[in-house]
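The following exercises are to be worked with the sequence and the 3D structure at hand. Each task is followed by a solution in steps.

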Amino acid sequence: MTLSSIPTSLDDATHEALDQQVNEFVLPFIGAEPTGRCLDYVFLLTVVVGFSSGTLDPLYTSPLTVPSLIERQPGLESMLHTAWSNKTYRDIRNLEDVLYKAFTSPYHGKAADAFCEYLERNNAEFPYIPLRGGPHKYYGKFCSIVQSSGTGKSRLLFEDVIPAEILTANLGSKADYGARYCTFFAAVFTMINEYLSALTASRGPGDAIKQWNDSICNLVSEDRKQFFARLKTKYDAYYEIINSNAPKDAITQADDQPREQMKQPTKHEEQVTGGMRGLEYMTSAYSRMRKSLYGLFHSGECHKPKLVIALDDADPLGVTTPDGYHNSTRVSADGTLIFRPYSQLEWDHMADPLEGIGAADVAQAGHIIGYGRPLWKSTAGGSVHKVIALAMNKLFGPERSENPLLAVLSQRFYLNVNLGHHEAAQFVASSVATHLRVCISFSDDRNWSFTTYPSEPVLSCVAAAMLHARGNLGRFLDVLKEKILSGMIDVGKSGELTSRLLWLLAKDLFVRRTPHFRPVIPAADGQEWKSEFADCQVIPVMDYLRFVFGPHFCDRAGKEAKEAFKHAYINFSHWVRTDENISTSKNRCGQLDAGQWTLRHWYRTSAVQCCYNQPLVDKMIPIYFKDCPGETDLSRVSQIFISDRSQRSSSYDDLDNISRSHDSIKCHSSLPWVSILVDLGLTESAVEVKFADDPADGPCLRIYAAAIDVKTFPFLTKSHQLLYTLEKIITHDQIYGRQLEQVLQEQMQYGSSRMRRHMEWEA
């Protein structure tokens, strides 16, 4: 990856002055010439960020948060080497899209308040004195924030949610994990001891904590820079001692502290940590800190937390064991628990309000990037293409396996993972760690995590671009087919996944039918953020249906239908799923009316996969009517409703029974709508179209289609791999049979449907 610099607001004189400050600061620590040591580059970058006049993200003033950044940006280390050789750092300061000020913009939403409640609840559940001298219910006062990238985990730590000391660190690498871990904490505890001992002696415990928060927790303070510079020096010295054959008290001698007996780890501590090198140094440093700061740790309410250390970029699904340590070290002891991870962060809080932009302009990049995680909007200081590159890098990730391909498909097509499959847990963990899958919740024992890809249209556009890059579609579909046939991906009860692939890939191919396709369409007036994502742009309903069903479709539909839908458009870029009927009899006061429900899906370019129990229909695609004079956007929306069938007998007679006025739907409108019934399981091709004005439902274009073949769906000639995949998905039960594990699982689900596999118990 090549990193590019873009000019900032700093002038030449400011750059020169800042360069001089950087050189004066770092020269005593890392010398005049580059050494090639990674730690030196880490330290250099923290200083450059510190001397950037506030243009760069203060998060990276800590040498403990920088290593993962250098890992994610392979060209950055080379840039740092060149900059240090030339003693000028202008190009580093101009990397705004890499070191952007996400931490200095105003904080929005209630995630900080919710996190505070979570910490208070955890603290209350951890008794200060165990009952009857027994073990604590929880192993220790530590917990984790677990969520995918770009959701605001790191930023959350710097909000003023608790009156305690906060440090950030990154211990994500597994190389020499034990020694680095112990070295880091030994250095941290020693530094805290030195810093707070001096403050407590002069100011008292309460003021000492306040002074800490005002200085060390201030991302741009000089005290913070000096603290971490000294911490790095101490870390280097300790690491050398721990990796040598120095005497056990070498660290205390190096710090000019009185000799003392090393605190030996207990048998339980050794069992839990797997005998990490340097463990005795860490525990002794902690013991010295607690002894020196006894007054601070026992002041006020003794059960209140006094010290909080925040480790950034830990393992994405909780505390796991690095290479070389047995899996048993994941659980501290029999009967003890680790607090359930916190995962509730803000979503959509940077999105435009409904109708904050015209309904015809919802494909604009400035609108689309507001949905989902805050990362996209917070990096909008660059260009649209830089946001796309960032999203593409994060969605596909560094992994070289089938998982990135499935992640790209999952984000748009709502792939439902069968959690009982032997590959499911690894795929879900990998998707959260490196492919932007989102954690919804965890079970209290942490054994189960509930994850998904929520609606995030900018990511859908990026996924579409990756899917349709030259040669990719066939490769992605091959992987999907294999995972479906293995039982890992659920196809649904009546061909739901096949249908989702059919309708959305048809739209993808429609917008890419010209050789001059561009994923981002520049705005006519040249404004960067008014450019439009092609996969979110509006397309005429009748043109789309003609593309799907062939050039004679409009003739079959008739003049009345063409006239009724001449101003009708669709724009869906991904699927979302409902967990209940479109309209329910319960909690009616909290439900949106049909116009609001449809319009909100239009604004974020989402189509709907209905829940399994939804009567009559399985999918909804929003329609918007342009050029309706005097009408509001709420009164300009309608729907395409689709019913999926996969059985071997025709369902043609059910087409006329589909009604949008049904109690479970209630989407009545005077505007025309479309009803489609597809018999996916039939082998004989058929397409029938009729248009009529129903007194109860209004004008409706009804379409019946049977069989997955090029005669029913002529657009499939554009991708033989897509046709082959859809055929195999819809018939895989009959051709390949289900996996034995799935067969046995379904034996215990008697009565869950009228299918033979759920009703017949005879072998």
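**Exercise 1.** Determine what span is expected for helix 17 and compare it with the distance between the end C-alpha atoms.

*Solution.* The model is a predicted one. Helix 17 comprises 13 residues, 384-396. At 1.5 Å a residue, the expected span is 18 Å. The end C-alpha atoms are 18 Å apart, which agrees with that expectation.

**Exercise 2.** Identify the buried residues of helix 17 and establish how they are arranged around the axis.

*Solution.* Step one is to list the residues with under 20% relative accessible area. In helix 17 these are Val-384, Val-387, Ile-388, Leu-390, Ala-391, Lys-394 and Leu-395. Step two is to consider their directions: they cover an arc of only 165° around the axis, which puts them on the same side of helix 17. Step three is to recall the general geometry: an α-helix has 3.6 residues a turn, so residues three or four places apart point the same way. Finally, the residue that follows helix 17 is Gly-397, with a positive phi near 70°.

**Exercise 3.** Describe the salt bridge of Lys-234 with Glu-194 and the parts of the chain that it ties together.

*Solution.* The closest N and O atoms of Lys-234 and Glu-194 are 3.4 Å apart, and the cut-off for a salt bridge is 4 Å. Lys-234 belongs to helix 10 (residues 222-242) and Glu-194 to helix 8 (residues 177-203), so the pair ties together parts that are 40 residues apart in sequence. As to accessibility, Lys-234 is buried at 12%, whereas Glu-194 is partly exposed at 30%.

**Exercise 4.** Locate the partners in the salt bridge of Asp-656 with Lys-690 and state how accessible each one is.

*Solution.* The closest N and O atoms of this pair are 2.9 Å apart. Asp-656 is in the loop between strand 14 (637-645) and strand 15 (673-679), and Lys-690 is in strand 16 (residues 686-694); the pair thus links distant parts of the chain, 34 residues apart. Asp-656 is partly exposed, with 46% relative accessibility, and Lys-690 is also partly exposed, with 32%.

**Exercise 5.** Assess the salt bridge of Asp-663 with Lys-666, then find which residues are joined into one network.

*Solution.* Between Asp-663 and Lys-666, the closest N and O atoms are 3.3 Å apart. Asp-663 is exposed at 52% relative accessibility, while Lys-666 is partly exposed at 37%. Elsewhere, salt bridges with shared partners join Glu-194, Arg-230 and Lys-234 into one network. The whole structure holds 16 salt bridges.

Methods
Residues are numbered from 1 along each chain as its sequence is written. This is a predicted model: local features need pLDDT of at least 70, side-chain atom pairs count only at pLDDT 80 or more; totals for chains, interfaces and linings use all residues. Side-chain values use heavy atoms; hydrogens and water are left out. Helices (H or I, at least four residues) and strands (E, at least two) are DSSP runs, numbered from the N terminus. The expected span of a helix is 1.5 Å times one less than its number of residues. Buried means under 20% relative accessible area, exposed over 50%, partly exposed in between (1.4 Å probe, protein chains only). The arc is that of the directions from the helix axis to the C-beta atoms. A salt bridge is a side-chain nitrogen of Lys or Arg within 4 Å of a carboxyl oxygen of Asp or Glu.
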